[in-house]
Amino acid sequence: MTKRSTLRRALAPLAAVAVVASLLAPQAAADERANTQGLRKAVTLAGVRDHQAALQAIADANGDTRLSGTSGFDASAEYVIDKAEAAGYDVSVFEFEFLLVGDRTPPEMERVAPNPRTYVNGQEFLTMNYSGSGDSTAPLTAVDVAGGTSGCEPADFAGFPAGDIALIKRGTCTFRVKADNAVAAGASAAIIYNDGLAPDRMGVINGRLNPPETLVAIPTVGTSFAIGQELANGVVNGATGVTMRVRVDSIAETRTTRNVIAETPGGDPDHVVVVGAHLDSVSRGPGINDNGSGSAAILELAEQLSARDIEPRNKLRFMWYGAEEHGLIGSTRYVQALPQAERDKIELMLNFDMIGSPNFVRFVYDGDNSAFPVGPGVAAGPPGSGEIEQTFRDYFASQGLPVEPTPFNGRSDYGPFIAAGIPAGGLFTGAEGIKTPAQAAVYGGTAGAQFDPCYHLACDTYDNNSDTALDQMSDAIAHTVLVYAKRNFVQRPLTDPAPAADAGAGGGGGLHDDHDDHARVSM
């Protein structure tokens with residue numbers, strides 16, 4: 001029997017040309033916008049904000065966090081379940097265990113000498129996820145910081161004084177390799193600083209030290225390019241001149257969490273459109289933009305689809321993922337657990353992670369890799385992803401709203417889907433990246449500042465929001481979800497040439513960057 005995944009790969013070049021021409025003709029696109037107008041009006045900013053307010057209240061009652069594996073996340077999941085069931089969806093949960101790694105107590109970093117200084121956790125340094133515990137006060141020794149491979153080779157640590165704290169610059173190899181080499185050299189702690197090679201590589205490193213899923217043997221923190229350079233200036237050519245203190249109190253504990261899944265009762269179960277957002281926050285704050293914004297928007301959309309009795313042609317599967325902030329664990333476990341026959345039924349995945357950033361840009365995932373070719377840090381969009389990108393672009397163009405592409409860099413829950421060859425797309429308004437003057441001229445806001453200045457911090461609260469961005473993105477989500485609820489997907493032939501063909505997904509793959517966070521767990 002011929003699988004439709006094979007059909008898609010074989011027919012993709014011809015189908016993409018022929019079907020895009022017919023489906024995305026100007027009149028067809030205009031008709032689709034007219035057909036989604038009522039739903040877009042029904043999905044209101046006030047409705048989305050109400051759900052965000054509820055998530056804020058949950059965090060307030062649970063230690064100011066909605067971290068997976070804690071009561072704050074469990075209450076968030078129950079809230080979504082109650083709302084989805086009340087709206088008439090078929091609701092289920094996908095439970096899984098994961099290793100919750102975090103700070104038992106807040107970390108500390110100090111310059112003891114010269115000129116004593118205490119650095120601010122969350123603003124000037126952060127514990128690196130999977131750091132070990134320890135409290136070290138020792139001389140600071142720089143590790144090949146003049147080059148681009150600092151700490152990547154054991155030889156970089158030649159002559160390193162055992163017991164010193166290692167100062168290492170970002171670049172070339174993973175953070176884990178650098179930390180493990182520091183351990184092997186006898187370092188008592190490690191400070192890894194940003195390399196300043198791009199605007200988004202100037203701030204505090206918010207990084208991960210896995211795989212493997214084990215703690216590094218020494219306390220390891222990340223800091224900014226400016227602080228790293230300041231410290232490095234006191235340790236030229238390995239000569240010590242600075243004494244530091246680094247203290248981390250880590251925990252690694254297996255806990256249970258879940259994804260929430262809500263499906264439309266109607267719609268073809270062999271043609272599924274996944275609409276996803278992660279529900280968990282980091283430990284440092286309530287996560288109302290990251291990702292209470294995407295979670296709230298798709299919940300409001302699900303409610304309004306039901307209220308308007310819209311019957312989808314394809315089954316819609318709304319998903320709120322757990323443990324995204326620990327490395328896309330919820331979405332990864334879900335995709336891995338699906339039998340191939342069930343994966344083949346998923347037409348496409350739409351992902352919405354951070355859509356209300358205060359200093360926003362309207363980013364659309366670069367599905368066809370035209371702006372960001374496949375290479376280091378950029379994954380391939382499986383066939384069909386380009387059509388999804390174009391659907392978003394056409395909608396925003398119809399509203400007179402400029403957009404920019406953003407790469408498939410593996411930092412959100414689309415990653416496991418594109419790795420399985422499932423077409424994907426979505427929207428994003430920016431995280432720790434820095435807004436350029438050109439972007440400020442187009443979108444307003446502040447050049448030289450982060451898109452979200454509260455990214456992964458305690459100030460990511462209900463007030464950390466752009467109503468303009470959230471409203472515009474929610475409308476675009478409503479439009480695109482309804483289009484794909486009704487439309488034959490571009491990579492599916494309009495008439496299957498093989499009546500017995502199974503459901504399938506196009507080829508492609510994903511590249512997963514480490515998702516930056518380190519949890520703080522109240523015990």
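Begin by selecting Glu387, Ile388, Thr391, Phe392, Tyr395 and Phe396 in helix α10, which meet Gln472, Met473, Asp475, Ala476, His479, Thr480, Val483 and Tyr484 in helix α13. The residues of this contact divide into eight nonpolar, four polar and two charged. Keep in mind throughout the tour that the model is predicted.

Next, widen the selection to the whole of both helices, residues 385–398 for α10 and residues 467–486 for α13, whose axes lie 10 Å apart and pack at an angle of about 130°. Because of that angle, α10 is oblique to α13, and if you follow the pair through the contact you will find that α10 passes α13 in a right-handed crossing.

Now move to helix α7, residues 292–307, where a simple check on length can be made: at 1.5 Å a residue, its 16 residues should span 22 Å, and the C-alpha atoms at its ends are indeed 22 Å apart, so the expectation and the model agree. Showing the surroundings of α7 is worthwhile too, since this helix is mostly covered, with 14 of its 16 residues buried. Just after α7, select Asp309, which takes a positive phi of about 55°.

The last stop is helix α5, residues 175–184, in which Arg176 lies. Is Arg176 buried or exposed? Arg176 has a relative accessible area of 7%, and because this is under the 20% cut-off, Arg176 counts as buried. To see what Arg176 touches, leave aside residues up to four places away in sequence and select Leu209, Pro211, Pro212, Thr214, Leu215 and Val216.

Methods:
Residues numbered from 1 in each chain as written. Predicted model: local features only at pLDDT ≥ 70, side-chain atom pairs only at ≥ 80, totals over all residues. Heavy atoms only, no water. Axes fitted to C-alpha atoms, helices over the stretch in contact; angles between N-to-C directions. Helix = DSSP H or I, 4+ residues; strand = E, 2+ residues; numbered from the N terminus. Parallel < 35°, antiparallel > 145°, perpendicular 65-115°, else oblique. Left-handed = near helix turned anticlockwise from the far one by under 90°. Contact = heavy atoms within 4.5 Å. Nonpolar A, V, L, I, M, F, W, Y, C, P; charged D, E, K, R; others polar. Expected span 1.5 Å × (residues − 1). Buried < 20%, exposed > 50% of the residue type's maximum accessible area, 1.4 Å probe, protein only.
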